[in-house]
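Subject: Structure handover

Hi,

Here is the structure I said I would pass on. Please open it alongside this email.

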Amino acid sequence: FKILYMGRDEFSCSVFKHLHDAKDVWQELHIATHPDEHVGRRGSQLSVSPLKTLGQSLDVPIYEIPHAKPEFKTWDVNAPTSQAAPSSHMLLTASFGRIIPQRMLAAFPPHNRLNVHPSPLPAYRGPAPIQHMLMAGERETAVCVIEMLRKVDAGAVWGREELAIPPDADFATMRDLLGDVGGRLLVRVLREKMRGTASSIAQAEDVSAPRAPLIQAADAMLDFARMSAEDIVRLQRAIGHQVRHRRARDDVADEVISLHGLSVEAEAPAFLTREAGGAMLHKPGRRILVRCAGGSVLGAREAKMQDKAQVGAVDWWNG
């Protein structure tokens, strides 16, 4: 195949490594990814696509998409579709972060446009399946290779691999695990296509299946009266790498507190208040204890005030 591979993050890199190593499935291999972007306060940091960095290290041709979404809708990439017979064109995506325009999909044969999606579809369609699975406390998951349609994540399934979610797994663990499994699965599907043995199964429509919308800052706002300690620990595992835990105080409207190193405490001192949100410093354990929903207790080894350094629980408590 002559392959155009579109992605950006570490998940797409894990998949791509397997594709690049499987030199029997491609004649040409090209990458399309996001351009460099200035982020942070006043654009002081340059964010570079991890896939771009990987591709450069492997001497793979790289094409950067436009910054603006409207321009991307009309963007033409001059590889590899202009040189080979249409049956050899292959469009592959993994965690690309943009909806592929219909005009680009139409440039490839319908069965030759595949996406690697890290969820047991039709459950967790959307851009943040790993995070939402962890937040929901799922114990099993899957990665699927699906055909790309106009409707996002709804195409026929060409390959599916199920796996257990390890206890205490966080986002980075599952991202790398699913990326590795997904890369192997993608290569297997491509080899089956080359042999003429590949087959697909129409994806079931399940209106009750959970979805995986983009993570918002509000998803990290703690509500100790509504959320149990276990809920909060799962939240940290899911999005602690991405969005800080926050608690806005009523008496200081602009104050935001981030809690880190979280754990569910099996026991708590008798003098810890039963009121949700009540907190104390547990000096022997060097952690802050917070009462949560259902009487559960959350432990935090570190804390951080907005715009200040992250410090240990004792130092934070003592100011």
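Below is what I found, from the whole chain down to single residues.

**Overall**

This is a predicted model. The protein has 319 residues, and 50% of them are buried. It holds 8 helices and 14 strands. Along the principal axes, the C-alpha atoms fill a box of roughly 75 × 40 × 30 Å. Take the contacts with a separation of 6 or more: 66% of them are between residues 24 or more positions apart.

**Two domains**

The protein splits into domain 1 (2-195) and domain 2 (217-318). Their C-alpha centres are 36 Å apart. Domain 1 puts 10 residues into the contact, and domain 2 puts in 8.

Together the two domains bury about 780 Å². Carbon and sulfur atoms account for 56% of that area. Which three residues of domain 1 supply the most? They are Gln131, Met135 and Phe171, with 51% of the area that domain 1 buries against domain 2.

The polar side of the interface is short to list. There is 1 salt bridge between domain 1 and domain 2. Arg237 forms a salt bridge with Asp168, and the closest N and O atoms are 2.9 Å apart. Across the interface, 3 residue pairs are in polar contact. On the side of domain 1 that touches domain 2, the largest share comes from H5, with 4 residues.

**Helix H7**

H7 covers residues 229-239. Its buried residues are Ala229, Ile232, Val233, Arg234, Leu235, Ala238 and Ile239. What covers them? The cover includes two helices, H5 and H6 (171-195). It also includes two strands, E10 (257-265) and E13 (297-305).

**Strand E7 and its partners**

E7 is residues 113-117, and 5 of its 5 residues are buried. Both faces are covered. Arg113, Asn115 and His117 sit on one side, with Leu114 and Val116 on the other.

E7 pairs with E6 and with E8:

- E6 (residues 89-94) runs parallel to E7, and 4 bridges join them.
- E8 (residues 140-147) is antiparallel to E7, also over 4 bridges.

Val116 is a useful residue to click on here. Its bridge partner in E6 is Ala94. Its bridge partner in E8 is Val145.

**Thr93**

Thr93 lies in strand E6. Is Thr93 buried or exposed? Its relative accessibility is 5%, so it counts as buried; the cut-off for that is under 20%. The side chains of Thr93 and Asn115 make a polar contact of 2.8 Å. Asn115 belongs to the buried set of E7.

Neighbours within four places in sequence aside, Thr93 is in contact with Met6, Ile100, Leu114, Asn115, Val116 and Met148. Among them, Leu114 and Val116 are on one face of E7, while Asn115 is on the other.

**Backbone points to check**

Most residues other than glycine have a negative phi, and most peptide bonds are trans. Three places in this model depart from that pattern.

- **Leu121 to Pro122.** This peptide bond is cis, with omega near 15 degrees. Pro122 is in the loop between E7 and helix H5 (129-136).
- **Asp59.** This residue is not a glycine, yet its phi is positive, at about 60 degrees. Asp59 is in the loop between helix H2 (50-57) and strand E5 (62-64). Its relative accessibility is 69%, so Asp59 counts as exposed; exposed means over 50%.
- **Ser95.** Phi is near 50 degrees, again a positive value in a residue other than glycine. Ser95 is in the loop between E6 and helix H4 (102-105). With a relative accessible area of 31%, Ser95 is partly exposed.

**In brief**

Three things to keep to hand. Domain 1 and domain 2 bury about 780 Å² between them, with 1 salt bridge across. E7 is covered on both faces and pairs with E6 and E8. The backbone list holds the cis bond at Pro122, plus the positive phi values of Asp59 and Ser95.

Best wishes

How values were computed
Residues numbered from 1 in each chain as written. Predicted model: local features only at pLDDT ≥ 70, side-chain atom pairs only at ≥ 80, totals over all residues. Heavy atoms only, no water. Buried < 20%, exposed > 50% of the residue type's maximum accessible area, 1.4 Å probe, protein only. Pairing = 2+ DSSP bridges. Domains from an automatic or database assignment. Contact = heavy atoms within 4.5 Å. Buried area = accessible area lost by both parts, 1.4 Å probe. Salt bridge = Lys/Arg side-chain N within 4 Å of Asp/Glu carboxyl O. Polar contact = N/O pair within 3.5 Å; in protein donor to acceptor, adjacent residues only side chain to side chain.
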